[in-house]
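Trainee: I have just opened this one and would like some help finding my way around. Could you walk me through it?
Mentor: Gladly; let us put it up on the screen and take one topic at a time.

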Amino acid sequence: MGEVIVVTSGKGGVGKTTTTANLGTGLAMAGKQVVMVDTDIGLRNLDVVLGLENRIVYDIVDVVRENCRLKQALIKDKRYENMYLLPAAQTKDKTAVKEEQMKVLCARLKEEFEYVIIDCPAGIEHGFKNAIAGANQAIVVTTPEVSAVRDADRIIGLLEAAGIYEPKLIINRIRPNMVQSGDMMAVEDILEILSIDLLGIVPDDDTIIISTNQGEPAVTDNNSKAGRAYKNIVKRICGENVPLMILTDNVGFFARVKSFFGNK
Amino acid sequence: MSIPGFLNRFFSKEQNLSSKDVAKERLRLVLIHDRSASLPDSVMLALREDLISVISKYMEIDQAALEVGLTKSDDEVTLIANIPILQIKRAV
């Protein structure tokens, strides 16, 4: 029986889809049987981030309406043969899938896959409730901004109310130079406010934009700092104990005095 | 840091507060507001029961008239309890 992990955030634009794509791909690279499910019906994007947009025939709504078999809708990746995508529907309404149907779908998927990673839409309404319906674990993505952390706090409360306890946090788009100069909240600040376990930190990195342009997740690129951060997170998901990445590369005075993220 | 202290420092600019500290303080306040708004009734009921049992050890209170609630203003959320005392034990 596999794990069903929902990637959520409340706020839009913090990197849910990028995180899903990188963790899914990273897990596949580690040899795991993985399926990623895009539940953002009407605004599908995970296909594009993964570079699989030209291969979609059926989608999640077709599956729950039994217009096709589950196997027909699963897109098999050509780079990693143990990695699949179940795309969202682009034309249908977000009420096209019901929570009960999501539970059934997730139960079927986890029989065949070790990891079912669900990309949740922004917001706390219908789409969110659907996305978490069949999940047994949650990853909350935030960025070091007041609005994103506030929404993360709300989402953590809603997840726990729905019986998904101890969600794990990923802090995305950290800019070490701004943290050093006191113009960006540090990892410690955010953890203190949210009181939640940290799964990983991801630096703000231009290579993410390039990899998204190319439909090739950054985790496949060893030269990408964000990609390496995602690789570390994948190892933690698999149960390995990996220290937090030290994000400061140009070692300045402050970095020498105190390493912000090190030795945890 | 107390809120007035924080505002003082922020507005007087005697001491330059980094923007990260401003963010953190704003977030702390907004989360107190958010969390208190979504606090389940059961929490306030449990708090009320606990207050009654603790205070009753020291004095007799009017349980029916006891009021417990959160009062919100812009810069803080305060827990207000109004507890009428019926009788106080004589000190020995």
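Trainee: How many residues does each chain bring to the contact between chain A and chain B?
Mentor: Keeping in mind that this is a predicted model, the contact takes 12 residues from chain A and 11 residues from chain B.

Trainee: And which residues of chain A lose the most area to chain B?
Mentor: Those are A:V146, A:R150 and A:I193, which together make up 43% of what the chain A side buries. Between them, chain A and chain B bury about 1200 Å², and 58% of that is on carbon and sulfur atoms.

Trainee: How many salt bridges are found across the interface?
Mentor: The rule finds five salt bridges between chain A and chain B. One of the salt bridges in the model pairs A:D189 with B:K24, where the closest N and O atoms are 3.0 Å apart. Across the interface there are also nine residue pairs in polar contact, counting pairs with both residues at pLDDT 80 or more.

Trainee: Which elements of chain A give two or more residues to that side?
Mentor: They are helix 7 (146-161) and helix 9 (187-194) of chain A.

Trainee: Changing topic, in what order do the strands of the sheet in chain A run?
Mentor: Eight strands form an open sheet in the order 3-4-2-5-1-6-7-8, and the pairing is mixed. Strand 3 (75-76) and strand 8 (197-203) of chain A each have a single partner strand, so they stand at the edges with one side left without a neighbour in the sheet.

Trainee: In what sense do strand 3 and strand 4 of chain A pair, parallel or antiparallel?
Mentor: Strand 3 and strand 4 (residues 83-86) of chain A pair in the antiparallel sense, over two bridges. In strand 4 of chain A, A:L85 is the bridge partner of A:I75.

Trainee: What does helix 5 of chain A touch when it packs on the sheet?
Mentor: Helix 5 (residues 99-112) of chain A touches strand 1 (3-8), strand 2 (34-38), strand 4 and strand 5 (115-119) of chain A, and its direction makes about 145° with that of strand 5 of chain A.

Trainee: One last residue, then: where is A:T207?
Mentor: A:T207 lies in helix 10 (residues 206-214) of chain A, and with a relative accessible area of 22% this residue is partly exposed.

Trainee: Which side chain does A:T207 join in a polar contact?
Mentor: The side chain of A:T207 is joined to that of A:S224 by a polar contact of 2.8 Å. The C-alpha atoms of A:T207 and A:A226 are separated by 7.5 Å, with the two residues 19 apart along the chain.

Notes. Residues numbered from 1 in each chain as written. Chains lettered and ligands numbered in written order. Predicted model: local features only at pLDDT ≥ 70, side-chain atom pairs only at ≥ 80, totals over all residues. Heavy atoms only, no water. Pairing = 2+ DSSP bridges. Helix = DSSP H or I, 4+ residues; strand = E, 2+ residues; numbered from the N terminus. Contact = heavy atoms within 4.5 Å. Axes fitted to C-alpha atoms, helices over the stretch in contact; angles between N-to-C directions. Buried < 20%, exposed > 50% of the residue type's maximum accessible area, 1.4 Å probe, protein only. Polar contact = N/O pair within 3.5 Å; in protein donor to acceptor, adjacent residues only side chain to side chain. Buried area = accessible area lost by both parts, 1.4 Å probe. Salt bridge = Lys/Arg side-chain N within 4 Å of Asp/Glu carboxyl O.
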